[in-house]
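I opened this entry to look up how the strands are paired, how some side chains are placed, and where opposite charges meet. The notes follow the order in which I looked.

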Amino acid sequence: MLVLKFGGTSVSNAAAIQQIAAVLKEKKYPHHMVVVLSAMSGVTDMLISCYQKAGKQDNSYHEVIHLLEAKHMEAIEQLVPYSFQIEVKGRIKLLLRELEDICQGVLLLDELSDSIKARVMSYGELLSSAIVSVAFHHQGLPNTLIDSRDYIITDSNYLNAKVDQRKTYARILEQMPDVDLVVAPGFIARTDAGKTSVLGRGGSDYSASIYAAALGAERLEVWSDVDGMYTADPRKVKAAHSIKELSYKEAMELAYFGAKVLYPPTIAPLVTANIPLLLKNTFNPSHKGTLITATPAPGPNIIKGVSCIDNIALITLSGSGMVGVPGIAMRMFKAVATRNINIYFITQSSSEQSITIALADTEGQAALEALTDEFKYHISAGEVDPVNLEQHMSIVAIVGNGMIQQPGIAGTMFSILGDHKINIRAIAQGATERNISLVIRGEDSVTAVNLLHDSFFLAKSEQTAKALA
């Protein structure tokens, strides 16, 4: 049993979908496979604009739906013989009419809940999977199309739902069709109450890992438009290259710190089930990609990657009145959590006089207000300083399991950045020493990532070449 997930660029047009079919045929079909699909590239953003327009009493959402129809009909006309197009076109039109009715309801009732947003966003995967399933039939790949909402059960956090693994795994094992090829939309799920929910942006990866873990798959393959996970973002670092093997924990760290080829929650179900994850390129299938397992083969570099998250805000709570007072950190995190704000980075001075957190720039002002309100009496009494907010920052992180055995890596980082006059605003390192993270000014992020990548990868390559000479 294999589970394969194909991202938005892999289903973006007829040629890409034909390439997916070629990839599956190379798997020596028939072979038990579940294929999980994202929406066509750009479609989820178009769907979000639909409900946003309807929520603002803007009738132009009709134009967006018209563009969605044209995009999907074009793919059908190129993939499906003319005499077989009527049925699939009818199905697509029916889905789009449902979408139009929902948006019309939002406009008329002036009501836009998270439940409605999730339902609107779900149409991207429903559309793409319907078309791909029919296309596969005409490519000599008979298959059964399922609706993932019938299998994946979640809580009622509609836009970033948490999967009930016990119920979900049981349902998958009991109800999954016993056929050679199953096609499933990713990203979408259903609450216990029967309402549509979604698994967060990038959630199709997570859908695929849920299926893989439940079915005890031999391997999960995530196919995108890049050759696996890279040593750095190739858009920022020209010398970046794909990584042959990673551990689950290294991959999770790199994904969390900005490696967009993989949605971070994807890895957790695979770790529990000990299922390998292979990252591959749909448009360059001969490339070996990146293999992620519990015990990867040793590579030439202790550092596996340099990652970066841009558009970060840094908030610092400080004051002599914090020293020796229990519960300050708890209150700080709780105040931020009540605004549904995710924290990327935490550091605390050993004197207990300050705690610094990093979060998305767009949430900086809300976090500032929440913390100012939480500690207003301490601030007015002079026990705590006014909360400090710094925006337009970036987090740069180096990741690698072997760092715990190699002294001086943090010192090398600081020296490199210091020599180039890049100021470090905050530092965090976990006890595992798998990750060292720094906060710097956003305008310095590209320079910093390139400097660190050159130091840890190009220098190592030169040393290896000399040793072999």
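I began with the pairing of β12 and strand β14 (residues 354-360), which in this predicted model run in the antiparallel sense over seven bridges. As one position in that pairing I looked up Ala 313, and found that the bridge partner of Ala 313 in β14 is Leu 359.

I then traced the sheet outward and noted an open sheet of six strands in the order β13-β14-β12-β15-β17-β16, with antiparallel pairing. The edge strands are β13 (343-348) and β16 (424-429), each of which pairs on one side only. Neighbouring strands of this sheet are turned against each other by 30 degrees on average, with direction ignored. I also looked for a helix on these strands, and recorded that helix α12 (residues 364-374) lies across β12, β14 and β15, running at about 30 degrees to β12.

My next entry concerns Leu 317, which I located in strand β12 (residues 305-318). Is Leu 317 buried or exposed? I entered Leu 317 as buried, because its relative accessible area is 0%, and the cut-off for buried is under 20%. Leaving aside neighbours within four places in sequence, I listed the contacts of Leu 317, among them Met 322, Ile 328, Met 332, Phe 375, Val 384 and Val 387; the list also includes Gln 353, Ser 354 and Ile 355. For a long-range distance I took the C-alpha atoms of Leu 317 and Ile 76, which are 241 residues apart along the chain and separated by 56 Å.

From there I moved to Glu 390, which sits in strand β15 (residues 388-399). Glu 390 has a relative accessible area of 18% and is therefore entered as buried. I noted a polar contact between the side chains of Glu 390 and Asn 388, at 3.5 Å. Not counting residues up to four places away in sequence, Glu 390 touches Ile 312, Ala 313, Leu 314 and Arg 425.

I turned to charged pairs last. How many salt bridges does the count come to? I recorded 22 salt bridges. One of my entries is Arg 201 with Asp 45, whose closest N and O atoms are 3.2 Å apart. Arg 201 lies in the loop between β7 (196-198) and α8 (203-215), and Asp 45 in helix α2 (residues 43-55), so this pair ties together parts that are 156 residues apart in sequence. Arg 201 counts as partly exposed at 47% relative accessibility, and Asp 45 counts as partly exposed at 47%.

I next looked up Arg 97 and Glu 69, whose side chains meet in a salt bridge at 3.3 Å, N to O. This pair links helix α4 (residues 85-109), which holds Arg 97, with helix α3 (residues 61-79), which holds Glu 69, the two residues being 28 residues apart. I noted that Arg 97 is partly exposed at 31% relative accessible area, whereas Glu 69 is buried at 15%.

A further entry is the salt bridge of Asp 150 with Arg 190, with the closest N and O atoms 2.8 Å apart. Asp 150 is in the loop between β3 (144-145) and β4 (153-154), and Arg 190 is in strand β6 (residues 188-191), 40 residues apart. Finally, I recorded that salt bridges sharing partners join Lys 27, Glu 218, Arg 219 and Glu 221 into one network.

Technical notes
Residues are numbered from 1 along each chain as its sequence is written. This is a predicted model: local features need pLDDT of at least 70, side-chain atom pairs count only at pLDDT 80 or more; totals for chains, interfaces and linings use all residues. Side-chain values use heavy atoms; hydrogens and water are left out. Helices (H or I, at least four residues) and strands (E, at least two) are DSSP runs, numbered from the N terminus. Buried means under 20% relative accessible area, exposed over 50%, partly exposed in between (1.4 Å probe, protein chains only). A polar contact is a pair of N or O atoms within 3.5 Å; within protein, one must be able to donate a hydrogen and the other to accept it, and residues adjacent in sequence count only if both atoms are side-chain atoms. Contact means heavy atoms within 4.5 Å. Two strands pair if DSSP finds at least two bridges between them. Axes are lines fitted to C-alpha atoms, for helices over the stretch in contact, and angles run from 0 to 180 degrees between N-to-C directions. A salt bridge is a side-chain nitrogen of Lys or Arg within 4 Å of a carboxyl oxygen of Asp or Glu.
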